[in-house]
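The following exercises are to be worked with the sequence and the model in view. Each task is followed by a solution in steps.

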Amino acid sequence: MDNEKMGRVPVPRSDSVRVAVRVRPFSQREKNSGSQCVISMHSGNISIRDPKNEERVKTFTFDLTYWSHDGFQKDEDGVLIPSDPASKFAGQSDVFHDIGRGILDSAWRGYNATLLAYGQTGSGKSYSMIGFGTNKGLIPRVCEELFQAIEKQKENLEPQVMFSMLEIYNEQIRDLLSRTKAPGGLRVREDQQLGFFVEGLKWVPCENYAQIEKLVEQGSKIRMTASTNMNASSSRSHMLIAIQFKQVFLDTALTKRSSINMVDLAGSERQRSSGSEGDRLREGSRVNLSLTSLGNVISALADLAMGKKVLHIPYRDSVLTKLLQSALGGNSRTTLIAALSPADICYEETLSTLRYAERAKKVRNRAVINTCPLARASRAENALLLGFRGAGAAGSCDVGRAASNAICLQGLGISDKHASFVNLDGKVTVAPHSKCKVIVNGVPVTGRTKLQHLDRIILGSNSAFLYVGFPSERGAEDLSRFDYDFFQLERAAAEGVSVATLGCVSPGDDQADPSILAVFQDYVKLMPLVVEANQMSEELKKGLTMELKVKNLASSDSRGYDLQKEVMVKVTKQGTHEVWIWSKAKFINRKFLMEELYQRFLESRDSHVAQEDDPFWDPLEVVHLGSAHVWLQPLAHCMMLEEQVEFLNCDGLEEAVLHIRITPCSPEGWAHGEEDMVIDPLELLGKRIDFQTHIVRCLGVKWLKEDGSRGIQMGYKIYDLPNTLYTKPVWKSVNPRIEETVHFAALGASREFLDYLLTNALIVDLWGLQAQKLDNPEGATRTAAREAKQVCAQQASSDAQLARALKVFYQGMGVARGQLLRLRRCRPPEDDQMLRPFVHQQSQMLKDLEDLLESSLHKLKADVAFIVKKRKEYLLPSQQ
Ligand SMILES: Nc1ncnc2c1ncn2[C@@H]1O[C@H](COP(=O)(O)OP(=O)(O)OP(=O)(O)O)[C@@H](O)[C@H]1O
């Protein structure tokens, strides 16, 4: 089974993107036209002078500067070398020495490494990356040295190299190792752990440099190029060569992985100078889209690194930025090489390249070593099987972290002595030690449990095993279907989460909505991560409980349409009940940082971290508890509406009840009477409509029942008014009284406004407020809190009864209002003969109305009397 999972070892600090600049020689064309060199380099600084104004010189500083403009000659092999010892000329080997070696060093150590070549067309990007003839560039040199080093490696290392090569052209991806071109190009997909990846891209396993050399040659031939006005062999496509390098250490069963990305970017020149037209214009703009997006991502990350507030990093804006997501601001050691033309005619472009490079310099990445400890788990799985084989027909073996166990297991949530397997008369059972986590076929077990052939076992957080029974029990099953996802799907099903529970298109229809399927996939992917995060929280004594939730976005649609759902993680601090809601992206990011901290803890037993850097900490935040829909239709008839509506939380359950009144009124605020009702809303067209919203109170707020020290606040937005109106915050009350009125006026009711009233609901959002509290582990305080909670719960339960009673009452009133409206609409018949049945019908309707009013009132009275009695009962003993 494939149960690999990435574990990560931290580096002490985050790395900035390393930026190198390189100036090429004049091209023949530049020489012929008598170009002037506008660039100079001195002690690591690079200066550029404006050819139109000699005085204007701009100087930049970068990590690496390469002068390849002059001072060189060819050796007998055609390799460019310095022409004399004093020359500052930097050849391909110098660039490789700094940049290429850095990439290889990162790869061997298990870091991801990315190299980007940026610059205008013809500035020397391909020369640095691929090279020409004997002047081999970085890519071939890196690959060659990688294999040279592999050959020198010790016996106990098993290296694996996979190679891929693609081109992004016109926002479409083409596999440069495949002769067949997928129509529309290959697609970029997103995976929780892998991030963005290209679906169906060919990855070729390579065993020597010659193979890679052949692949690069083959790929380069296929590479799509089109000439522009500026350079006949120019490329307006981005080429990305990726190498997956995996080292399997046979003695420790540990693997290290590194992903090396080397990107030759398309020319960075602006549209006006490329002279593209027609289809090419589209192509040009789309090439620029990727580069513009890259610039935007770099700018956003640079701002972020400078401490500026950045709401969003636009990785998703282009194919290129998606694929470079981890290279920029993520898990990668990244180098950008900015290729520069020395010529005065390229001044503007070169200056813009230097500015771009300067921004890139500020981007900070978080490169971490990628190790795969779960390779151990699969080894242990073999050991588990072998253990039984060795044990013969009967016996027992313990599994756990400690070396004394028959099967020694590493992994998150695995205790020193975790579980024992017993084979008695050919019947195998498993039993967890103490409270250790053991899950069999998706269900947690607490006692000794019999195992059947092909049972799925999860030990600790996520160490997954398949129990393969004795040969007599085995058939010709396909074991490959029991992959990691199988285990997680089973676990999700045991927790009651499936596509069906999340919502099908229609009952009995297997064809689930694709968005539901996507949410389910997210859920299954995040579920083991949440389990791990909880385990880390427990071991690091962070006291956080994380729960995976599916948020129904329909609650925020004013027309109640069934919108998409999304997963989120509810985080609760155990002692203080503080709550945070994390988006999927935030959780994944945090999980990554948690792993770093946890890894440090494992290595040094030190998990101390400053609060602001603690992935388990966040400042207190306001939590969205739920939304209530108040349908506005009565307003379109100039009718008052008074409702008790539920605030539904993300699970679709009642979070509280809102008591709201919306009253049509005069501009001075005088409530309209029944005589002002209109049958046809169009009668109001163009007229002034005034109404007042009055939020009376909130009832049975669960948020407060869980913790009486909290508060709530409500917010709502009417029609197209830009601002959300918030009620005052109210603390420590399960049934907070609000009593806030706001007057609205539509000066000339438009058809859109009337439509809004007829078809939309006012969405009132309920927000949970929380106050800073200290963890108080004292037992006495806990008991007091528990008692207070009990009283609070009792009170809350009677409040909820009251809320329910009122709700039933108001529902009755709603029906009564409808009947009244119908009565008002009835016009007496012209025909006298029909008058009697009309009167009869009217009196019947009035009678129904009277009955309804009476029974509603009677029920309310009875309910209130019951609640008052109950309240007295539970208040009395505590007063004694
Ligand atoms: N450092 C260098 N030393 C010698 N010649 C160079 C150097 N850099 C570039 N050249 C030469 O300059 C020309 C343009 O370089 P190159 O093709 O690498 O540019 P480019 O930026 O990759 O352009 P494009 O994006 O259009 O492919 C080539 O003829 C190349 O041989």
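**Exercise 1. Determine which residues come nearest to the ligand in this predicted model, and how much of the ligand the protein covers.**

Step 1. The ligand is surrounded by 16 residues, and those that come nearest are Gly122, Gly124, Lys125, Ser126 and Tyr127.

Step 2. Helix H3 supplies three residues of this shell, the largest share.

Step 3. Inspect the polar backbone atoms. Ser123 places one 3.1 Å from an oxygen atom of the ligand, and Gly124 places one 3.0 Å from a ligand oxygen. For Ser126, a backbone N or O atom lies 2.7 Å from an oxygen atom of the ligand. On its own the ligand has 620 Å² of accessible area, of which the protein covers 81%.

Step 4. Compare with the record. An unreviewed UniProt entry lists Gly119, Gln120, Thr121, Gly122, Ser123, Gly124, Lys125 and Ser126 under "binding site".

**Exercise 2. Classify Gly119 and Ser123 as buried or exposed, and identify their contacts.**

Step 1. Locate the residues. Gly119 is in the loop that runs between strand S10 (113–118) and helix H3 (125–129); Ser123 is also found in the loop between S10 and H3.

Step 2. Apply the cut-off for burial, under 20% relative accessible area. Gly119 has a relative accessibility of 0% and therefore counts as buried. Ser123 has a relative accessible area of 1%, so Ser123 is buried.

Step 3. List the contacts, leaving aside neighbours within four places in sequence. Gly119 is in contact with Lys125, Ala266, Gly267, Ser268, Ala339 and Thr353. The contacts of Ser123 are Arg24, Ala339, Leu340 and Ser341.

Step 4. Add the polar contact of the Ser123 side chain: one of its polar atoms lies 2.5 Å from the backbone oxygen of Gln120.

**Exercise 3. Test whether the length of helix H4 agrees with its number of residues, and name its buried residues.**

Step 1. Helix H4 (residues 138–152) has 15 residues; at 1.5 Å a residue, the helix should therefore span 21 Å.

Step 2. The end C-alpha atoms of H4 are 21 Å apart, which agrees.

Step 3. The buried residues of H4 are Leu138, Ile139, Pro140, Arg141, Val142, Cys143, Leu146, Phe147 and Ile150.

**Exercise 4. Describe the placement of Asp848.**

Step 1. Asp848 belongs to helix H19 (residues 835–879).

Step 2. Its relative accessibility is 36%, so Asp848 counts as partly exposed.

Step 3. Asp848 and Ala816 are 32 residues apart along the chain, and their C-alpha atoms are separated by 9.0 Å.

Technical notes
Residues numbered from 1 in each chain as written. Predicted model: local features only at pLDDT ≥ 70, side-chain atom pairs only at ≥ 80, totals over all residues. Heavy atoms only, no water. Helix = DSSP H or I, 4+ residues; strand = E, 2+ residues; numbered from the N terminus. Buried < 20%, exposed > 50% of the residue type's maximum accessible area, 1.4 Å probe, protein only. Expected span 1.5 Å × (residues − 1). UniProt positions renumbered as here; feature names shortened; annotations may be inferred. Contact = heavy atoms within 4.5 Å. Polar contact = N/O pair within 3.5 Å; in protein donor to acceptor, adjacent residues only side chain to side chain. Near = heavy atom within 4 Å. Areas by Shrake-Rupley, 256 points an atom, 1.4 Å probe, with all protein chains shown as cover.
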